[in-house]
Amino acid sequence: MSRPGFVLEVDDRTPPLIVHSGEGFLLERFPLGTRVVYPPEALPPVRDVEEAIQNALLNPIDSEPLPELLTAGMRLTIAFDDISLPLPPMKKPDIRQRIIEAVLTMAADAGVDDVEIISANALHRRLTPNELRDIVGERVFRSFFPDGKLYNFDAEDRDNLTHLGQTRHGEDVEISKRAAESDLLVYVNVNLVAMDGGHKSTSIGLASYKSLKHHHNSHTMIHSRSFMDHKASKMHHSAWRMGEVLTQHVKVFQIETTLNNNVFGGPLEFLQKREWEWSLKDQASMLATKRGLAAAPAKLRHKIFTDVRASYELTGVNAGAIEPVHEKTLEVVHRQHLVEVQGQSDVGIIGVPYLGPYNVNSVMNPILAACMGLGYHFNAYRGNPIVRKDGAVILYHPVPYEFSQLHHPSYVDFFEEVLSESTDPATIEAKFEKQYAEDPWYIHLYRTSYAYHGVHPFYMWYWISHALDHCGDIVWVGANRKTVERMGFRSASTLQDALEMVSHSVGRSPSITYLHNPPHLLADVR
Amino acid sequence: MMLALEMYRSPAKYLAAKAVGGRIPGILTGPAAPLRLVTINEPKAEREGWARIRPILSGICGSDLGMVTGSTKLYFSAMVSMPFVPGHEIVGELLDDCEDLPKGTRVVMDSVLTCAARGVEPCEGCASGNTNRCDRITVGHVAPGLQTGFCQDTGGGWGNVMVAHRSQLYAVPDGMSDERAVLTEPLACAVHTALRAKVQPGQSILVSGAGAVGLFATLALRELTQAGRITVVAKHAKQRELARAFGASDVVAPDEVFRGVRRSTGAFRLKPEMAKEFLLGGVDIAVDAVGSKDSIDTVLRVTKAGGRVVLSGMPAAGSDLSPVWFRELELTGSYASARQEPNEQPAFETALELAAKAPLDGIVGARYPLYRWREAIDHAHSAGRLGTVKVAFDVRAS
């Protein structure tokens with residue numbers, strides 16, 4: 001039986017606590033009285049994954065069983081969540097592989113020949129063939145990839161996009177032509193956190209810039225409070241409206257999966273245990289890891305973390321109509337991540353880990369670090385943010401000036417050109433977004449190399465707009481001073497310095513909440 | 001007799017400066033400098049149209065520094081007469097009447113020693129108003145010298161007295177400060193550069209370098225043409241600030257040129273094997289205002305096919321001309337300034353207009369008496385880093 005999450009109040013007996021900080025971690029002593037939000041322990045997995053998948057496909061929610069939807073001569077498209085999920089990537093076999101294999105078996109039994117499999121990467125970078133293979137498995141890859149039947153979605157391929165119409169709010173719904181013209185679209189999702197899944201899967205994952213710009217903008221995102229609660233998120237409202245239009249045109253069979261919190265295994269297992277419960281072995285692992293990382297050259301350290309594969313286990317799989325399936329999914333996600341927190345605090349503390357959705361097999365550049373801390377972890381709440389309005393957020397990350405020219409070419413320009421002029425999301429959006437979105441070089445790299453779309457760094461900045469609007473002060477501990485200054489933040493050497501720096505807005509004895517994340521958690525702030 | 005700085009022939013010092021000047025900058029203003037402070041006879045203004053001038057301020061130009069550091073090409077050695085008193089960026093006071101200009105008039109000088117100054121029949125260049133293209137710069141009654149400041153007979157601005165021909169002189173308007181007036185010559189060169197660039201309305205321009213040449217070229221391009229986006233490559237903070245004040249749309253650091261130009265023009269960026277990157281696409285016009293191999297390589301590689309590259313700085317050897325061939329670039333030189341520019345007036349008159357209205361206060365950032373010439377040259381060498389655009393000799397204080 002796994003234990004639920006809880007809120008620890010730091011007292012004299014509390015040991016130093018783990019704080020993630022990029023490709024490393026710290027052991028930090030927090031001020032007495034600090035609230036530390038621990039995620040629930042990993043939920044028990046389903047006993048038989050294959051059986052669970054079969055059961056979901058044969059007994060779907062508000063839908064005919066999948067075999068009844070499959071007929072010879074039909075056009076079947078299978079879309080799946082791209083490499084941005086789960087984080088870290090899971091050990092093989094990937095849950096998407098298992099589901100896609102099951103769907104393909106049923107399709108073969110029904111005599112379906114016209115099958116295409118699409119990575120729903122929207123404006124994310126294309127996946128390399130190896131990355132596709134890791135997700136769908138060797139068998140599917142070999143059967144579909146060489147014939148061009150397994151591929152990345154290309155949001156800039158005008159000939160292969162279909163405009164399905166507009167929502168009642170005038171939002172364009174433009175998605176993959178193949179998906180739009182299929183007799184059945186099966187979407188295979190990994191619902192790692194509460195913001196994933198639902199109508200967000202298809203109407204975002206397979207959409208073009210023309211469609212995405214209606215909800216990926218500063219106005220919508222500042223009013224998405226939070227992204228982790230689709231009922232209170234304007235972005236999700238828009239995606240849901242688009243989903244209504246989409247499902248009027250396309251029959252979608254949604255398959256959503258949930259994973260438990262088994263993020264770190266092997267020598268890094270101590271990272272998901274509570275510090276006072278560390279065994280001697282855990283303490284030794286922690287010491288060895290800490291010393292080893294400190295001594296390791298940057299490249300080796302990067303490789304160590306890049307190679308981490310999570311031991312995620314399946315906690316649920318639901319299939320059928322999008323909305324009821326997603327409600328079921330959220331129940332499990334909430335059971336795994338929700339932690340009740342009583343009231344907001346003056347200061348929120350967040351350790352930004354080495355990995356976010358957009359730097360898998362890459363580097364976390366300053367904009368992604370900001371997005372991870374202020375976009376994802378800050379928004380990991382339901383109800384109210386953990387920090388009061390005009391409170392302070394203190395983040396841990398080295399924020400090095402480091403960019404991947406391969407994956408994030410427009411990020412470099414965004415950092416140098418756009419942020420040097422303004423850090424205000426609305427100003428940036430008005431002045432620069434179109435230029436970047438239509439830059440032929442970025443489009444070329446997005447389509448032919450492995451680059452995120454030119455507009456993607458803008459979206460990252462919009463992700464943090466709610467935090468920018470809500471917080472009075474944002475300070476990074478241990479960060480490169482120049483890079484955080486460019487982003488409009490401040491840098492401190494230690495937590496004590498950071499608290500000193502924010503004291504003018506929150507006083508000398510602020511209430512503090514530290515989100516002990518990852519493993520993932522969702523603060524249910526009452 | 002007068003006090004002057006004199007450039008003299010010394011192959012040994014030339015070679016020493018060339019060999020180690022880059023690594024030991026101190027040697028350039030020390031033992032390796034082919035420059036000396038001397039007391040010499042004043043130059044004489046005996047022919048008609050010539051008059052003596054007492055320089056007030058005399059700027060230190062990049063070409064002057066090039067001679068001291070041995071970086072000037074031997075190509076030019078046939079067009080100078082040693083020893084000579086350098087200094088061609090001057091504002092001075094007439095010591096004699098000079099045709100219509102009475103004694104005491106403050107003047108600036110177009111330093112090119114043309115057919116008119118040399119008393120010979122006008123060559124093709126001079127006859128057409130392109131006086132900077134004069135073919136007679138080594139003949140006539142004046143010793144060889146492409147400009148005043150490189151000629152034995154005329155003296156130069158780095159001395160207490162010099163001579164100039166009426167055709168070279170322009171009266172400084174009343175009310176214009178000496179600090180502005182001394183910038184007229186480099187501004188005239190910038191005017192010439194801007195007009196040589198033949199800018200069409202809305203064209204994008206890159207100016208590589210934000211020393212005096214680059215900044216003034218930026219100013220002239222903005223004031224005299226309908227250029228669209230002007231991107232300036234600037235290394236130092238003060239240069240960046242001034243580039244914007246002079247009309248740059250954006251400013252990039254030298255290591256950001258390819259990124260910045262690519263972004264602003266939507267070009268494609270390619271990285272060849274073991275060679276410097278380049279753009280397919282890029283700016284319509286690039287102006288090199290540095291003259292270094294690196295700067296010239298850069299402007300050639302960020303100019304779009306069929307575009308124009310204007311060499312405003314004295315060019316170094318060794319640049320890769322592949323883009324000129326492959327991208328069919330138009331390579332244009334820009335030397336000094338002409339009496340008849342495409343805007344139908346002498347570049348100096350346009351320059352005086354610019355000098356009167358442009359934000360040039362503080363551009364002459366340091367003034368030294370002649371006897372502190374080593375410090376002055378040192379300062380001019382590091383002007384960009386020290387936040388100075390123009391260093392000048394305060395000749396009257398000498």
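This is a short talk on a few strands, helices and contacts in a structure with chains A and B.

Hi everyone, and thanks for coming. One thing before we start: what you see above is a predicted model. I'll begin with some strands in chain B, go on to two helix pairs, and finish with the place where the chains touch.

Please find strand β4 of chain B, residues 89-94. Is this strand mostly covered or mostly uncovered? It is mostly covered, with five of its six residues buried. Let's look at its partners. Strand β3 of chain B, residues 50-59, pairs with β4(B) in the antiparallel sense, and six bridges hold that pairing. If you want a spot to zoom in on, B:L57 sits opposite B:V91 of β4(B). Then there is strand β5 of chain B, residues 106-109, which is joined to β4(B) by three bridges and also runs antiparallel to it. Here the pair to look for is B:E93 and, opposite it in β5(B), B:R106. While you are zoomed in, a general point: in a regular strand the side chains alternate between the two faces of the sheet.

Now let's hop over to chain A for another sheet. In which order do its three strands lie? The order is β13-β20-β15, in an open sheet with parallel pairing. β13 (338-341) and β15 (381-383) of chain A are at the edges with a single partner strand each, so one side of each has no neighbour in the sheet. From one strand to the next, the twist averages 30°. Looking at one pairing in detail, β15(A) and strand β20 of chain A, residues 522-525, share three bridges in the parallel sense. There, A:Y381 has A:A523 of β20(A) as its bridge partner.

Next, helices. Two packed helices are described by the angle between their axes and the distance between the axes. Our first pair is in chain A: helix α14 (residues 366-377) and helix α18 (residues 456-463), whose axes come within 8 Å and cross at roughly 30°. Angles under 35 degrees count as roughly parallel, and therefore α14(A) and α18(A) are roughly parallel to each other. The crossing is left-handed. On the α14(A) side the contact uses A:I367, A:L368, A:C371 and A:G375, and on the α18(A) side A:P457, A:M460, A:W461 and A:W463. Sorted by class, these residues are seven nonpolar, one polar and no charged.

The second pair is in chain B. Helix α6 (residues 184-196) and helix α12 (residues 347-357) of chain B pack at about 115°, with axes 8 Å apart. They are therefore roughly perpendicular to each other. This crossing is right-handed. The residues in contact include B:L187 and B:V191 of α6(B), and B:F348 and B:L352 of α12(B). By class, the contact has nine nonpolar, three polar and no charged residues.

Last stop: the two chains together. How many residues does each chain bring to the contact? Eight come from chain B and eight from chain A. On the chain B side, the elements giving two or more residues are α9 (257-265) and β11 (268-270) of chain B. The largest share, three residues, is from α9(B). By class, the chain B side has two nonpolar, one polar and five charged residues.

That's my tour. Thanks for listening, and do have a look around the model yourselves!

Definitions and conventions: Residues are numbered from 1 along each chain as its sequence is written. Chains are lettered from A and ligands numbered from 1 in the order in which they are written. This is a predicted model: local features need pLDDT of at least 70, side-chain atom pairs count only at pLDDT 80 or more; totals for chains, interfaces and linings use all residues. A residue is buried if 20 or more other C-beta atoms lie within 10 Å of its own, exposed if 12 or fewer, and partly exposed in between; C-beta atoms are placed from the backbone. Helices (H or I, at least four residues) and strands (E, at least two) are DSSP runs, numbered from the N terminus. Two strands pair if DSSP finds at least two bridges between them. Axes are lines fitted to C-alpha atoms, for helices over the stretch in contact, and angles run from 0 to 180 degrees between N-to-C directions. Angles under 35 degrees count as roughly parallel, over 145 as roughly antiparallel, 65 to 115 as roughly perpendicular and the rest as oblique. A crossing is left-handed if the near helix is turned anticlockwise from the far one by less than a right angle, and right-handed if clockwise. Two residues are in contact if their C-beta atoms, placed from the backbone, lie within 7 Å. Ala, Val, Leu, Ile, Met, Phe, Trp, Tyr, Cys and Pro count as nonpolar, Asp, Glu, Lys and Arg as charged, and the others, Gly among them, as polar.
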